[in-house]
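Please open the model in your viewer, with side chains available for selection, and follow the stops below in order.

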Amino acid sequence: MKRILIIDDASYSGVQTLKLVNDIKQRNPDAEIHVLTPYMTHVAKAKLERANVKVHNDEIMPSVRELLESRGTPALRKTAFEMFDKED
């Protein structure tokens, strides 16, 4: 078994790191993957944990959605959430 360590300064959505994890798993399915990221959102951490990755982080930072929910004006929240929830 190989251990692979991915180091990143921050992870917001987790999409970029998850893509790298999936690429590694394709080439090395038995690898034990660790992600070391000092700052990440709940969203990123959950995505990586669902991918069976060992996550090491120091601080959970708020996502844009969480910031808007706690600080944004009603008009800004409405516009932003409509964009977040829009299907491609």
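Select Ile 33 first: leaving aside residues up to four places away in sequence, Ile 33 touches Ile 4, Ile 6, Val 21, Ile 24, Lys 25, Val 53 and Lys 54, where contact means heavy atoms within 4.5 Å. This is a predicted model, in which local features need pLDDT of at least 70 and side-chain atom pairs count only at pLDDT 80 or more, while totals for chains, interfaces and linings use all residues. Residues are numbered from 1 along each chain as its sequence is written, and side-chain values use heavy atoms, with hydrogens and water left out.

Next, widen the selection to Ile 6, Val 21, Ile 24, Ala 31, Ile 33, Val 35, Met 40, Ala 44, Leu 48, Ala 51, Val 53 and Val 55, the twelve residues of the largest nonpolar core. Such a core is a set of buried Ala, Val, Leu, Ile, Met, Phe, Trp, Tyr and Cys residues joined through side-chain atoms within 4.5 Å; buried means under 20% relative accessible area, exposed over 50%, and partly exposed in between, with a 1.4 Å probe and protein chains only. At least two residues of this core come from each of α1 (15-27), β3 (32-36) and α2 (42-50), the elements being DSSP runs numbered from the N terminus, with helices (H or I) of at least four residues and strands (E) of at least two.

Now turn to the charged pairs, of which the structure holds two that form salt bridges, that is, a side-chain nitrogen of Lys or Arg within 4 Å of a carboxyl oxygen of Asp or Glu. Glu 32 and Arg 3 pair at 3.0 Å, N to O, and this pair links strand β3, which holds Glu 32, to strand β1 (residues 3-7), which holds Arg 3, 29 residues apart. Glu 32 is buried at 18% relative accessible area, whereas Arg 3 is exposed at 65%. The side chains of Asp 23 and Lys 19 meet at 3.4 Å, N to O, and both residues lie in helix α1, four residues apart, about one turn of the helix.

Finally, select Leu 68 in helix α3 (residues 64-71), which counts as buried at 12% relative accessibility. Colour the chain by pLDDT, the predictor's confidence in each residue from 0 to 100: the chain mean is 89, and 94% of its residues reach 70 or more, with helix α4 (residues 74-85) having the lowest mean among the elements, 76, and β3 the highest, 97. Where pLDDT is low, the predicted coordinates should not be read in detail.
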